[in-house]
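Subject: Structure handover

Hello,

Here is the structure for you to look over. My notes on strands, a pocket and a helix follow below.

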Amino acid sequence: MSADYKRTINLPATNFPMKADLPKQEPRFLEKWNSTDLYGKIRRARQGAKPFILHDGPPYANGDIHMGHALNKILKDVIVKYKTMRGYDAPFVPGWDCHGLPVEHQLFKELKITKHQIDAPSFRKKAAGYAMGFVAKQKEQFKRLGVFGRWETPYLTLDPAFEGAVVDAFAALVEKGFIYQSLKPVHWCISCETALAEAELEYDENHVSPSLYCLFPVEWDRISAVWPDAPQTGKLSFAVWTTTPWTLVANVAVALHPDLEYAFVKTKNFGTVIVAEDRIDAFLKVISTAPSEVEVVWKRKGIHLNGLAARHPFMDRASGVVTADYVSRTDGTGCVHTAPGHGMDDYRTGLKWKLPVLMPVNEKGLFTGEAGEWKGWHIAKANRAIPETISRKGNLLHAGEIRHSYPTCWRCKEPVITRATRQWFMGVDRQDLRRKILTAIQKVRWVPPSGQNRITGMIESRPDWCLSRQRYWGVPVPVFTCAACDDAVLDPALIRRVGSEFRTRGSDAWFDLPAEGFTRNEFPCPRCGRKDLKKGQDILDVWFESGASYIPVLVETPEPHFPADLYLEGSDQHRGWFQSSLLVSCANSGGPPYRTVLTHGFIVDGEGRKMSKSQGNVISPLEVMKEYGADILRLWVASSDASDDVRLSGDGLRRLSEGYRKIRNTFRFLLGNLSGFDASRDSLGFEELTEVDRWALSKLESLKEEVTAAYEDFQLHRVVHLVYDFCVVEMSSFYLDVLKDRLYTDARGSVSGRSCRTALHEILTTLARLLAPVLVFTCEEVWQNLGLPESVHLESWPEPDPRRRREALEAKWERLLLFREKVLKALEEKREKKEIGNSLEAEVELALSKKEDLDFLKDFEKDLPGLFLVSGVRVAGAGPGASDGGWDVTVRKAAGRKCERCWNTRRSVGEDKEHQTLCRRCVEGDTVGRRDALAWRFCSRRNRRS
């Protein structure tokens with residue numbers, strides 16, 4: 001093509017590069033947004049609007065962010081950005097959990113000491129510095145993800161105002177009668193030396209424990225005293241099964257089910273053994289005895305055996321016989337070892353039957369003097385030795401192993417035990433709280449809906465909440481005890497005085513001030529009346545702090561907004577933050593702290609395995625941003641169905657970057673062809689547009705409706721898939737493809753040129769806003785290249801306009817595309833046979849047997865060459881092969897010569913003496929007056945179809 005002709009073509013021009021180079025470009029946007037106070041402008045622009053509050057669940061300040069953090073914060077940011085663009089006042093206040101075992105455990109690891117090697121005040125100063133260091137680090141890492149928020153004034157659980165609010169929440173619970181102190185079994189980590197709540201447990205599904213069957217002997221005299229006709233057949237014993245032999249040291253009873261039938265089974269090697277009749281066969285397999293070798297000599301129901309006394313299998317004391325409904329007919333022997341100090345079921349049984357609570361194990365897992373000869377033994381060592389001792393006593397039936405699910409500490413990963421200790425609890429059944437919580441759950445929107453059943457089941461079965469921890473780092477349990485009689489002084493006024501002091505000086509005041517600094521000798525002991533009080537040594541469960549976080553963040557603010565519109569965390573928080581927040585809020589405020597709860601799954605690798613350092617499959621968000629950029633990470637989050645576990649792998653990221661490239665190329669094409677277009681001056685009204693442009697904008701309206709609905713339903717993966725399909729299918733595969741000829745060859749000022757650019761401008765600005773919450777950097781780059789003011793993040797949402805939907809028009813063009821699909825297939829077959837090269841070398845004849853098809857295509861006939869990407873189209877009646885009611889496509893070489901400007905093969909090339917290499921259309925050079933026509937395609941060498 002000559003230079004003169006080339007200058008007559010409207011080639012795309014844009015500074016928007018094909019290669020995104022996101023790792024380099026994104027920090028520049030962050031710097032600009034920071035210097036221009038973009039977030040401040042967004043907040044001021046939405047001031048006074050209807051609020052939407054997402055309350056941020058605080059991550060622990062104890063390390064760099066991981067992929068779970070990235071997933072969670074990006075999801076939150078996408079939703080908040082969307083709501084902001086919809087016109088809501090949606091501030092995002094990030095928070096950090098700075099206290100508790102996670103921070104303390106990590107710091108002790110780095111210091112290489114235990115809590116016994118440092119005093120509390122010294123450690124707390126180190127812990128505060130440690131936590132704040134990671135707050136600063138994580139803050140920058142979250143900002144790098146493109147997350148907008150009030151980063152300079154987040155909420156921190158170590159802030160004095162926050163700590164004071166937590167203590168006030170505790171005081172309110174005391175005042176309402178929910179708080180009590182009791183000696184009862186709790187989960188205990190002997191490695192961390194602290195009580196744990198259910199939410200602080202993980203479960204090892206392949207834990208190996210001993211499987212011990214032993215005998216609790218019974219004197220026949222005790223049986224015959226009640227039943228004189230009972231047969232006496234030598235040694236008589238209850239058969240008991242346990243997976244924790246060390247807890248036998250604290251055994252006080254054997255529990256039977258009151259309604260089960262118990263058989264007295266005479267054996268050759270073990271005398272007469274009492275087991276549940278339903279468990280005889282399983283029991284005989286354990287002791288390797290055939291049914292033919294035993295005899296059932298007597299039977300009695302469990303309720304009739306209640307009150308008997310047995311002998312401990314290896315210690316010189318009695319074990320009572322009691323009944324309990326939880327005894328299983330499907331496990332063990334139906335005779336359950338009962339130690340009220342080592343299990344909640346046992347504890348409740350002990351309360352019912354007035355059994356003693358023995359606790360011979362200290363906080364380190366060592367037996368105390370209460371264990372007699374076992375004093376000083378570690379329970380792990382005793383677990384191995386006790387079977388041997390039982391065997392020497394002649395009471396061992398079987399010793400083996402069992403693989404089963406077992407609780408472990410969420411921080412140190414070590415197995416936990418259950419031991420009775422004096423702790424502070426929140427009563428879940430006091431003041432009818434459990435029922436109130438279950439009612440509140442029904443008023444909340446749970447996304448996905450299965451979350452409602454999950455948390456309902458957890459609340460129905462959860463025990464009272466153990467609030468106290470035996471650690472250094474956190475908000476102290478603000479309760480004093482009497483120095484004389486050790487009774488607790490549970491006075492709300494005194495607790496609120498502590499809260500007031502914490503608001504001023506922080507919780508370190510508990511360690512810096514003497515007790516009199518709080519009490520001022522004004523609060524007497526309720527038992528003895530003395531005012532000489534001492535401070536407690538425990539701290540509050542970190543889950544209580546985060547559970548009460550709604551108070552300082554949502555209630556005690558200049559513009560209160562309670563309850564929150566949304567809580568969004570991982571699905572594990574049904575037993576964590578969602579639940580602790582419910583407990584505190586329903587007890588103190590009478591209702592749930594949230595209107596909607598959205599949960600996401602966990603991150604797994606490409607094969608569905610949990611990510612772990614030991615497997616070498618961990619992917620760091622920081623490394624992903626270095627290689628691909630934050631927008632790729634955000635696209636991964638938004639394109640995944642986060643309601644289930646989310647897969648991530650290197651291959652997946654590479655495929656995702658290819659998907660991003662297609663979206664970016666759509667942006668680039670649109671930008672390139674809008675060069676020089678002034679929307680305020682050159683745009684046409686909707687009804688003035690050509691039909692295909694109106695079709696494109698009608699499809700755009702459909703997209704807006706579906707994308708908006710997907711955002712509202714928190715179906716972010718649908719948002720991405722809808723936009724991606726629109727870019728690839730409606731745009732790239734059809735509309736933009738057939739538009740190139742008009743864009744490149746029609747005069748910019750013509751109706752055709754203005755019409756298509758009006759549509760492109762509307763499509764581009766809409767797509768940029770639809771994807772702005774997801775691709776925060778890319779869409780901002782698009783906005784800048786369009787020369788539009790400020791930032792895309794200050795724009796309003798592209799609301800759907802039903803008046804621009806043309807369903808009949810869409811149906812008409814959908815029908816037309818079916819014809820196009822068959823024609824393109826026929827062209828491809830000719831190309832494969834080397835009969836044509838570029839499709840513009842061909843012309844097509846359509847032979848149709850149906851008059852309605854013929855009439856339909858005749859209406860489009862002058863536009864069909866551009867639609868089918870050929871140089872000519874002829875529509876005719878039925879031909880050979882079309883007699884079945886279908887239609888035929890005939891492809892042949894186009895007649896005429898190739899136009900040097902538009903590359904169409906036309907008979908009119910050479911007719912003009914001055915421009916002998918151009919067709920008549922290119923010579924005339926304008927399509928004014930052909931407003932409803934679909935122009936022929938121009939295809940440059942770099943855009944031609946291969």
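Two strands count as paired if DSSP finds at least two bridges between them. Keep in mind that the model is predicted.

With that cut-off, start at strand β20, residues 480–482. Three bridges join β20 to β22, and the two run antiparallel. One contact to look at: T481 has K534 of β22 as its bridge partner. These strands belong to an open sheet of three, in the order β21-β20-β22, with antiparallel pairing. Why is one side of β21 and of β22 left without a neighbour in the sheet? Both stand at the edges, β21 at 488–489 and β22 at 533–535, and each has a single partner strand.

Next, β24, residues 566–570. Strand β1, residues 54–55, pairs with β24 in the parallel sense over two bridges. Here L54 stands opposite L566. β24 also pairs with strand β25, residues 596–600, again in the parallel sense, over four bridges. In this pairing G570 stands opposite H600 of β25. Between β24 and β25 the chain passes through helix α20, residues 577–588, and this β-α-β crossover is right-handed. Is β24 itself enclosed or open? Five of its five residues are buried, so β24 is largely enclosed by the rest of the structure.

Now the pocket. The second largest one has a volume of about 1500 Å³. Its lining counts 46 residues, and H342, G343, D345, D346 and T418 are the closest to the centre. Several elements give two or more residues to this lining, among them β4 (179–189), β7 (236–242), α11 (344–353) and β16 (417–426). Which element gives the most? That is β15, with five residues. By class, the lining of the second largest pocket has 21 nonpolar, 15 polar and ten charged residues.

Last, helix α30, residues 851–858. Its buried residues are D853, L854, F856 and L857. They cover an arc of only 165° around the axis, so they sit on the same side of α30. An α-helix has 3.6 residues a turn, so residues three or four places apart point the same way. The face of α30 turned away from the buried side carries K851 and E852, which are exposed.

Best regards

Technical notes
Residues are numbered from 1 along each chain as its sequence is written. This is a predicted model: local features need pLDDT of at least 70, side-chain atom pairs count only at pLDDT 80 or more; totals for chains, interfaces and linings use all residues. Side-chain values use heavy atoms; hydrogens and water are left out. Buried means under 20% relative accessible area, exposed over 50%, partly exposed in between (1.4 Å probe, protein chains only). A crossover is right-handed if, with the strands pointing away from the viewer, the path from the first strand over the helix to the second runs clockwise. On a 1 Å grid over the protein atoms alone, a cavity is a set of points where a 1.4 Å probe fits but cannot get out, and a pocket is an open set with protein on both sides within 12 Å along at least five of seven lines; lining residues have an atom within 4 Å of a point. Grid points are joined across faces, edges and corners, and a volume is the space filled by probe spheres set on the points. Ala, Val, Leu, Ile, Met, Phe, Trp, Tyr, Cys and Pro count as nonpolar, Asp, Glu, Lys and Arg as charged, and the others, Gly among them, as polar. The arc is that of the directions from the helix axis to the C-beta atoms.
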